[in-house]
Amino acid sequence: MKITNVFVGTVGHDPRSGAFEDGRAWANVRIAVNHDYFNGATGEVVSRGVSWFDVNAYGALAKNMAYCVRKGHSI
């Protein structure tokens, strides 16, 4: 069974990147995911904190992440 999670958040730092000895690229970032929601009864946005996630990428995706993603971007 395959489990897929989708997170939408804000990048906390510019990507760290490099290559393994075999030449395969790697990159990683941390993203902040807010737990805000809209309370329809009061008409206010309620903040319920933030969770941080480490995101690792390899190969072509890592190269793209290192080139395009910057701190503050939404991903």
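Let's start with strand S2 (residues 16-19), which runs antiparallel to S3 and is joined to it by 4 bridges. Keep in mind that this is a predicted model. From here we'll follow S3 to its other partners, then look at Ile 75.

**S2 and S3**
- Gly 18 has Trp 26 as its bridge partner in S3.
- The hairpin of S2 and S3 has 5 residues between the strands, and in this hairpin Gly 23 takes a positive phi near 95 degrees.

**Other partners of S3**
- S3 covers residues 25-34, and 2 bridges join it to strand S1 (residues 10-11), with the two running antiparallel.
- If you look at Val 11, you'll find Ile 31 of S3 standing opposite.
- S3 also pairs up with strand S6 (residues 50-58): they're antiparallel too, and 9 bridges hook them together.
- Pick out Ala 27 and you'll see that its bridge partner in S6 is Ala 57.

**Zooming in on Ile 75**
- Ile 75 sits in the segment after helix H1 (60-68).
- With a relative accessibility of 35%, Ile 75 counts as partly exposed, because that label covers values between the 20% and 50% cut-offs.
- Along the sequence, Ile 75 and Val 8 are 67 residues apart, yet in space their C-alpha atoms are 5.7 Å apart.
- Leaving out residues up to four places away in sequence, Ile 75 touches Phe 7, Val 8, Gly 9, Val 11, Val 29, Ile 31 and Val 69.
- Two of those names should ring a bell: Val 11 and Ile 31 are on Ile 75's contact list, and they also stand opposite each other where S1 meets S3.

Methods
Residues are numbered from 1 along each chain as its sequence is written. This is a predicted model: local features need pLDDT of at least 70, side-chain atom pairs count only at pLDDT 80 or more; totals for chains, interfaces and linings use all residues. Side-chain values use heavy atoms; hydrogens and water are left out. Two strands pair if DSSP finds at least two bridges between them. Buried means under 20% relative accessible area, exposed over 50%, partly exposed in between (1.4 Å probe, protein chains only). Contact means heavy atoms within 4.5 Å.
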